[in-house]
Structures are given as C-alpha cells and as structure tokens.
Amino acid sequence: MPIPRYVLSDFVEIQRKSFFDLLEKGLIEEFSKLNPIRNSKKTLELFFYPEYYKLTRPIYTPKTAILNGKSYTSKLYIPVQLTDKISKTIKLKWVCLGNLPLMTKRGHFILNGAPRVIVNQILRSPGIYYQQKIYENFKTKWSSQPDTIYKRYYADLICQRGTWLRLEIDKEKFLWAQMKKGPKIPIFWFLIAMGLTEKIIFNTLLDPTRLLGNIEKIDPNKPDQIIYKYVKNPPEAWAELYNLISNSSSTFSNKESKNSISRSVKKKNSSSDFSSKSASLSGDKFTAQSGLNLTNRNVALAGPSLEAAMKSVTTERIVEHQTDEKTIIENKNQRFLPSLDPLAAPFPVNSQAYESPGINKKKSNALLKQRADSQRSINFSIFSKPQILKSQPLNDSTLQTNFSELGRKWLFNKFMNPRTYDLGKLGRFNFNKKLGISISQNQWTLTAQDLLYATNNLLKVEKGLKKIDDIDHLKNRRVRTSGELLQIQIATGLVRLEKTVREKMNLQKNTSQFFLSTSRFKQTQQVKNKNTSLSLKKKQNMINSTIKSSLSSPSSALSFPVVSPKVQLMKETLTKKQPPLVRSNEVLTFAEKNKHKKTTELRRISNLKRFHFRIQNLNKINYTLKIFPSILKSSKHGKPSFVSESNNLQSSEYQISELINTKALNGALREFFGSSPLSQFMDQINPLSELTHKRRLSSMGPGGVTRDTATLAIRGIHPTHYGRICPVETPEGKNTGLVNSITAFARINSQGFLLSPFYKVYKGQVQKNAGMFYLSAEQEEKTKLAASDLFLSTAGFLPKGNLPVRITEEFTKIPRESIEYIGVSPIQMISIATSLIPFLEHDDANRALMGSNMQRQAVPLVRPERPIVGTGLESRAVSDSGHVLQSKYSGFVRYVSSNKIIVYSFLT
C-alpha cells in the first residue's frame, strides 16, 4: 500500500510545467494568430513558421548570470518568408525576434542578476454569469430598516481579451446592454444590430414584450431624456447605435470646453421679442426658443429672433457631425475639412447672417469673435483626430448610410473582430454549456445566438426558472500560471511588431519614389538658381493679387495658420537677414510705403514657406533613413549619397532584416518583468519561503481585483477551497484573503482549474491500488465525499454504520455503501508551510496563520538540524526547493562520506 507522502507531486512542478507548455504550444499559437502580415495593397506578404522555431544556448549559466549581474536568456529564432507578388520573388530567412528569459530548474527567472518569480493569478474564467442586485429604499435617512427591498438581475459576458458586456434589468424593469465605458444601449437595438430579425427575436424569447419597454418611451418628468426609436433592420440599428455612442463620447470634450463656450454664449435678458439672442449650447443638442433639436451641434448661432436663427441655419446649411475620430462639415455645396490648426476657424463665417435690425455692426463683429473663440475651444479637443472627406454631396440618405456604416464598424471591432475580442476555448465551452447551444469551438467571438439566448436566460433567472451563479465558486475561477502570463505579454509584443512591420511595408514603395524625386529636386533647384532674374514688378503684382485675395474674405483672418515659437523665432531671423528694398536717405510716398510693407510681408511669408518645405523634407529623409538604412550608399569620398538607380532601390526595398527588429518583443517582456505586480523578487530567506513564493495565488494584478475595493465575499473561505486553496495561510493586513497558497496535493489542469486528489470507494472498500482521481470543483459537486481520517481495516474497508460525508456544501451521514470518494491524506486541505506545524488540529486558526507566516521569516542555521518534533514533510520541502545536493539519476547508494557520495544506477 503506497505511503501518502511519497505520492506527492513535485512542489515546483506547477511553475516548470507552465513554462514547458509555453515552449510547446503557447509560442506557436501566438505566431499562428499573427500570420500573415500584408501591406495595404496586398503586394507584400510576411509569413512566420513558428513550428520550426529555435532557441540558442544561453550565454550564461544560472550561477554565472547571478555572479555577473546578467540575464539568463536565450535568443528566439524563427524562419520568416517574404513574398513579393509584383516581382514574383520569395525570400526565406531565419530572423532573431528577441531574447526570451528562461526558467531555471528551481522554477524562477534570472534578470540582471536578480532571481524573479512570476506569481500565479486566480481570476474569473471567461463565460457568462448571472447575478442579482438588491435595492433598498429607506423612508428617511435615519431609518434603521429599509421600507422596500426589490431585486434586479444582470448577466456578465466575460471574455479573455476585449470588452466585457453586461445585460441588465434596471429599476423600471427595462432591459439594457452596457459596457464598462459608454452609455446604456437597449437590448432590442443590440439584437437587431447583430443581424437578427424581429420574428426570430419574438419567437425565441420567453417574454418578448419586455424588450420594447424602453423603446419610444416618453417620461414627462424627465425633459432631458433620450428617446430610443424603434428599429426594423440592422442598418437602422447601426445608425442609432452610432449616434448614441458618439453623443456620449463627445460629452467629455464638451465638458472640457464648457467654461470657454459658456463665456462665448452668455445671454443678456432684454424686453424685446428676441429674448434669446444666441442659441444655447448644452451637451450635444442645439436648442432654441421653440425647442429646435439638431443632434451633434457644437455651433452657437446669434440672431434677432428664432426666425432669423432658422434663416441663418438654412442659408448657411451647415451640417456638422462630430464623433470620437471623425468630423464631417458641409457648407452649402462646398464640402471641406477643418484645419488641423486648433486656433483656425472650422468654416467660413457668413457675416450677412449676423447683420440684423436689432444688432449693429459693432455687436455683430463681437458675436463673430465670440463664435470664433467658442469654436477654437472645441477644436482643441478634436483637431488631432483623423478625419474623413467624401466627395458626394451630403443629404439625409448619405448621412444615414455613413452613420450606419460607422455603427457597423464600431460593433464589429468591439465584439466580432478576433483581433480585439477573444473568448478563448474555455469561454466558448462555457457559453455553449450555460446557454445550451452548439456553436463551433473555433468561434471565439460573440455571435447573435449568444446574445439572444443570454437575454432569454436572463428573463428565466428573473422568473426563478434558473439559478444565479456563485462567482466565488472555484468552477468559475481559473488560474493563470507563469507560462500563460508570459504568453499574454508575448502576444502584446507581437501586436506591436505587426504594426511596425505593416508600416514599413506600406512605406517601401513610397521611399524609392521619394528619393528619386529628391535627386530631381536638386537638379531643378540648380536650374532655378540660374534663372533668378525675375523682375521685381512681376513679384510685386503677384504679391498684391495674393494679398487682395486673402483679405477679400472675412474668414481668412480667422483661418490663418498659427506658428509655433520655434518657427516664429526662425521667421524673425529670416526677416532680419533680408536686405532692405529702399535706402535710408530716400523719401517714400504713402503709396510706396504701402507697397514696401506688402513686399516685405510677402517676402517674410515666402521665406517661412521655404523653411517649412525644407523641414518637411528633412523629416521625411531622417525618418526614412532610420527605417531603411540600406538606401544610403557610401560614395567615393566616404560620405553617404542617395541611390538613384531604380534597380538598386528595388533590390534594397525587400530585405526581411529591415522589416523586423527585436525592439517590440524585448520591450514587452522588459515591461512585464520590470513593472508588472505579478513579477516579484524571489523571497530567499529560507527554502520554505522560496517554495511558498512559487506556489502562491494572487487575486490582484491586471484583470483582477484591487485591495481597496475587494469585499469580504472575495476574501472569505469557500467550501470548494477544500483540497485546493489553503484556508489557513494568507498574509495579515490589506492582502488578507487576496493572496493565498496552493495546498500540498493540488494540481492545475490545462484549462487552469485547480484539482484535488481522491481515492475511489467501491461498496465500502477504498480502492487505493487504482490510483488517485483528480477532481475539479465542478466534478466534486456531484459526488459524495468522505473525510480522509476515517478508520480503515487491513483489507481497506470503511467501518459499518452511517459515516460523515459532504455533499456539495452540506454535511450529512450516509452508509458506507453510498460513499463514492474518500480523501487521500489529512494534510491535503492545507499548504506546505501549514503542514509543517505539529499538532495543527489543536491550534487556533489565527495562531496557526501567524505560525505559518513566521516560519518563512526564520533565518537558516549555519549547520542545519532536524526538528525534534516534525511532521514528515521537512525533507521533501527542502529537496524540492533545490537547496540540497541532488543526484541526476536514481540508483543504489554504495558509498557515503563527508567528501563524496557514490550512486550506482542501471543503464537503460
């Protein structure tokens, strides 16, 4: 019969196995997701072959790395194929992508001479979870008991990577979909936008009329409420979604510029018929006296009355649509984009619209100025964002199609793009199991079927037909081991690598043309220098015409580009260097003085433009040469010169080594090991502290909880922790219950769930020879478990009569024939540090907690000694920590002395 302590798995196996899985599967998975990388024209294609990757032998051993203060790393090489579809060439090359830190035999990493441990993270597994909220209404603020209590339910759709979605029922029993950041969206809109028809929705749901509760509902008590329209098809739903999202996102920029805008639209009460001289700008709605609503308006108009304001709107016909990323403006038949300059006016100002009998010219100019100021403050928040320009004239139908297309893209990128949203294999399995659907295991994004059945189940949970989920149950929580955390960081590095590679591939074609054009520019510049005998009169005529044209429109003064301080300084130096056009002793007439002013002004502007052109060219050259150093070729005198031959350019364009560099992957790994809260310096006070550090479970870190917001429910002990998480060992203070230890016998399976071992019981007899069965928390729920300290006969039979067992969370007594499993050892429910405390069963739990923590703080003796009273795990803990001499092979010990030990092993 096997002795229980000898069937213990290696205590550091969790760390080693996770890193081994990363090398075996994780790296190949991440590179496979990346393949292939194409340029925008799809003429170039980069393909990785991760199955054939190689790791070089490390330069330093773990010992020499610590002594020299170096890292124990290996270079990662992968074969990369570059296909050029224009020239029909294929290149294959081994490329170094970065330095991968290697795990030592003892389960830690060595970086810059310091041993580091990646702590295992425990967090909610991807899937769908139904929970309830309890609302309490008190009569007065001093009431001890609530007057009314009512429950509302919600479902969390949790993914491995991407945006979490919540389907909830609010106080008024309306159904909404909500993300962490963003407005509430009616679930009906969401289902229609996902591609479902009204017939499918109404036939599938338990109570379909509930979906229409918040559609076209008008509450007279809420004047500022949003009215949600009824949508019939996906394009309408996409357009409404886009309008709702853009309105909510633009409120932030409006809040930022609230002070400046409110100053620009201050109204003075008067007794005339135009009490509101300017339209109020509140949030995202443009409102006038009669409640005129123009969505997405950020323009303050002033006029003598509402009719004048309406006329100015119709004559100007300005339709503006502003979102997070795009701004579209139309002015009558002319359509153009606002200047990138934050102080420039976004559209020409029509002074005619502001002239009225009630307002004189002085006041209209002041209003113009106010309008420009308010628009400047708005432009500060949007001028750096990309903009879209379309050539067709803007009408209601094109606006609707534009909005629906933008809404469709938003929905796709949030929940249906595999690059931004990923449920993972486990998430898809949990969705299918919980909702009773059979979607392919390779479908890792959200589908319309998922949302429809999730909504149906939410209505069933509200009616009591389905149970809510326990989020602290270990079947709903999984462990991210060190290998998986490294894989996530490698994925981040590869996304950055893909971005840089794609940028370089898109630049490839443009560089050759650019460098050829620069060489031609030099030649044309030489010709221009020869033909510089253009008469001054022609120049002055050109100057006069440009100045007249620029001064003719009132908007030109507003849209004049703003110059940065550096350019301003350069401008002054340029103007200072110019020789005077007239001598000091000459007397000029008034007309000549004006002419002289205009010429000096234009000379200053032309010099400034020339300076801008030179700076732009220099920036282009410097940026391109950083990316493609092979374009530069050393001349006879040793100085670099541009390659002008097109053949050489074509050959130098498509070099794999220039497309890929090691910065992306190395930077991502450096960030993780240097700044992640899960990467910590190894605790090396004694062998036990090192071992405990490697078997630690943390609920904190990215995607987890924070110590300030964690509730007692998260910190507490759950019945499913038995045999998996130690109920005794946890730190004292803020981290209590958030940092735990894995028990002595527990394992982690490939999906990240904690397993505990049990022996099978058949008709009252314990089947120890059949081996141990590792059960997850979900499997354990369905079984009848007996405690491991029950008395067994020599034949392995349990005593007769009713025996204490645990069925799910209840304790009861049943006959031995009904027992299915029995525990392996009494110490399977506690961690290694706690199992080293003798007579633990007689101790108070709080004192045992202190004892297990203080053991890790003990300084080891110079001459180690056996404990007088021990539990039998001491030798195993020391050997697994790696602090004792260990033979590489098992065998027969023939000779032992203070100098050497001889072991004979059988050759196989």
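**Exercise 1. The hairpin**

Which residue in S32 is the bridge partner of Asn802? Place the pair in its hairpin.

*Solution.* The model is predicted.
- Step 1. Locate the strands: S31 covers residues 802-807 and S32 covers residues 810-815.
- Step 2. Read their pairing. S31 and S32 are antiparallel, with 6 bridges.
- Step 3. Find the partner. Asn802 is bridged to Pro815 in S32.
- Step 4. Look at the turn. S31 and S32 make a hairpin with 2 residues between them. Thr808 lies in this turn and has a positive phi of about 55 degrees.

**Exercise 2. The chain as a whole**

How many helices and strands are in the chain? Add the figures for burial and contacts.

*Solution.*
- Step 1. Count the elements: the chain has 25 helices and 35 strands.
- Step 2. Take burial. Of the 908 residues, 42% are buried.
- Step 3. Take the contacts between residues at least 6 apart in sequence. Of these, 65% join residues at least 24 apart.

**Exercise 3. A mixed sheet**

In what order do the 4 strands of the open sheet with mixed pairing stand? Trace the pairings from one edge to the other.

*Solution.*
- Step 1. Write the order: S20-S8-S24-S25.
- Step 2. Mark the edges. Strand S20 (477-480) and strand S25 (739-741) each pair on one side only.
- Step 3. Note the turn between neighbours. Neighbouring strands of this sheet are turned by 35 degrees against each other on average, direction ignored.
- Step 4. Start at S20. S20 and S8 pair in the antiparallel sense over 4 bridges. Here Gln121 has Arg480 of S20 as its bridge partner.
- Step 5. Move to S24. S8 and S24 are parallel, with 2 bridges. Gln121 also stands opposite Ser698 in S24.
- Step 6. Finish at S25. Strand S24 (residues 696-698) is antiparallel to S25, and 3 bridges join them. Arg696 has Ser741 of S25 as its bridge partner.
- Step 7. Check the cover of S8. Strand S8 (residues 120-124) is mostly covered, with 4 of its 5 residues buried.

**Exercise 4. An antiparallel sheet and its helices**

Which strands stand at the edges of the sheet S9-S10-S11-S12-S13? Then find the helices that pack on this sheet.

*Solution.*
- Step 1. Set out the sheet. It is open, has 5 strands in the order S9-S10-S11-S12-S13, and its pairing is antiparallel.
- Step 2. Find the edges. Strand S9 (127-137) and strand S13 (185-186) each have a single partner strand, so one side of each is left without a neighbour in the sheet.
- Step 3. Inspect one pair. Strand S11 (residues 165-169) and strand S12 (residues 175-179) are joined by 5 bridges in the antiparallel sense. Leu165 has Met179 of S12 as its bridge partner.
- Step 4. Add helix H10 (residues 424-435). H10 packs on the sheet and touches S9 and strand S10 (148-158). The direction of H10 makes about 65 degrees with that of S9.
- Step 5. Add helix H11 (residues 448-462). H11 also packs on the sheet, touching S9, S10, S11 and S12. Its direction makes about 35 degrees with that of S11.

**Exercise 5. Two helices in contact**

Where do H20 and H25 touch, and at what angle do their axes cross?

*Solution.*
- Step 1. Choose the descriptors. Two packed helices are described by the angle and the distance between their axes.
- Step 2. Apply them. The axes of helix H20 (residues 687-694) and helix H25 (residues 874-881) come within 9 Å and cross at roughly 70 degrees.
- Step 3. Classify the angle. The class for roughly perpendicular runs from 65 to 115 degrees. H20 and H25 are therefore roughly perpendicular to each other.
- Step 4. Name the residues. H20 brings Pro687, Glu690 and Leu691, and H25 brings Ala877, Asp880 and Ser881.
- Step 5. Sort them by class. The contact of H20 with H25 has 3 nonpolar, 1 polar and 2 charged residues.

**Exercise 6. A glycine in a helix**

Is Gly407 buried or exposed? Describe its surroundings.

*Solution.*
- Step 1. Place the residue: Gly407 is in helix H9 (residues 396-416).
- Step 2. Apply the cut-off. Buried means under 20% relative accessible area. Gly407 has 0%, so Gly407 is buried.
- Step 3. List contacts. Leaving out residues up to four places away in sequence, Gly407 touches Trp238 and Tyr242.
- Step 4. Check a C-alpha distance. Gly407 and Ala239 are 168 residues apart along the chain, yet their C-alpha atoms are separated by 5.6 Å.

**Exercise 7. Helix span and burial**

What span does helix H19 reach, and which of its residues are buried?

*Solution.*
- Step 1. Take the length. Helix H19 (residues 663-675) has 13 residues.
- Step 2. Compare spans. H19 reaches 17 Å from its first C-alpha to its last, close to the 18 Å expected at 1.5 Å a residue.
- Step 3. List the buried residues of H19: Ala664, Leu665, Asn666, Gly667, Ala668, Leu669, Phe672 and Phe673.

Definitions and conventions
Residues are numbered from 1 along each chain as its sequence is written. This is a predicted model: local features need pLDDT of at least 70, side-chain atom pairs count only at pLDDT 80 or more; totals for chains, interfaces and linings use all residues. Side-chain values use heavy atoms; hydrogens and water are left out. Axes are lines fitted to C-alpha atoms, for helices over the stretch in contact, and angles run from 0 to 180 degrees between N-to-C directions. Angles under 35 degrees count as roughly parallel, over 145 as roughly antiparallel, 65 to 115 as roughly perpendicular and the rest as oblique. Contact means heavy atoms within 4.5 Å. Ala, Val, Leu, Ile, Met, Phe, Trp, Tyr, Cys and Pro count as nonpolar, Asp, Glu, Lys and Arg as charged, and the others, Gly among them, as polar. Buried means under 20% relative accessible area, exposed over 50%, partly exposed in between (1.4 Å probe, protein chains only). Two strands pair if DSSP finds at least two bridges between them. The expected span of a helix is 1.5 Å times one less than its number of residues.
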